[in-house]
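Thank you all for coming; I would like to take a few minutes to go through the side-chain contacts in this one. Please have a look at the sequence and the structure before I go on.

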Amino acid sequence: VAGETVTVELTQTTPDNWSSYDTVFIGYPIWWGEAPRIMSTFIESYDFSGKTLAAFCTSASSGFGSSDSALRQAADASTWFDGIRFSGSASAEEILEWANGLGISGT
């Protein structure tokens, strides 16, 4: 719901059945064109070989900057879709339109 704050407790750092994931969407806030360092740490901690990745960020004003290329280089994924920046007011329909437009099965 727009304007509602949702808190999600992190109970594990590795998803169950990680090896069974074919596609991973990576979302993060953008700060002055860079992803937070924790995103690089996340990318470096997992084996993305054979996976398809799609990155997106959120920002009120900063552009996507070099965050996409920096994360792409660290991931070493089989396929990496060009990232996109959403404003804080992006609707669920806009996000779904982007995800569905990638042509990835299951989105």
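**Rings, a charge over a ring, and a salt bridge**

The count of aromatic pairs comes to 10, and I should say at once that this is a predicted model. Let me take W18 and Y21 as one of the pairs: their ring centres are 6.0 Å apart and their planes stand at 35 degrees, so this pair is tilted. As for the surroundings, W18 is buried, with a relative accessible area of 16%, whereas Y21, at 37%, counts as partly exposed.

The rings of F42 and Y46 can be described in the same terms, with centres 4.8 Å apart and planes at 45 degrees, so that this pair, too, is tilted. Here F42 is partly exposed, at 27% relative accessible area, while Y46 is buried, at 15%.

Which residues do the ring pairs link into a cluster? They are W18, Y21, F42, Y46 and F48, so both of the pairs I have just described, W18 with Y21 and F42 with Y46, have their members in that cluster.

Staying with W18, I would also point to K51, whose charged end sits over the ring of W18, 5.0 Å from the ring centre.

Turning to charged side chains, how many salt bridges does the structure hold? There is one, and in it the side chains of R37 and E44 meet at 3.6 Å, taken from N to O. R37 is exposed, since its relative accessible area of 54% is over the 50% cut-off.

Notes. Residues are numbered from 1 along each chain as its sequence is written. This is a predicted model: local features need pLDDT of at least 70, side-chain atom pairs count only at pLDDT 80 or more; totals for chains, interfaces and linings use all residues. Side-chain values use heavy atoms; hydrogens and water are left out. A salt bridge is a side-chain nitrogen of Lys or Arg within 4 Å of a carboxyl oxygen of Asp or Glu. Buried means under 20% relative accessible area, exposed over 50%, partly exposed in between (1.4 Å probe, protein chains only). Rings of Phe, Tyr and Trp (its six-membered ring) pair if their centres lie within 6.5 Å; planes under 30 degrees apart count as stacked, over 60 as edge-to-face and the rest as tilted. A charge sits over a ring if NZ of Lys or CZ of Arg is within 6 Å of the ring centre and within 35 degrees of the ring normal.
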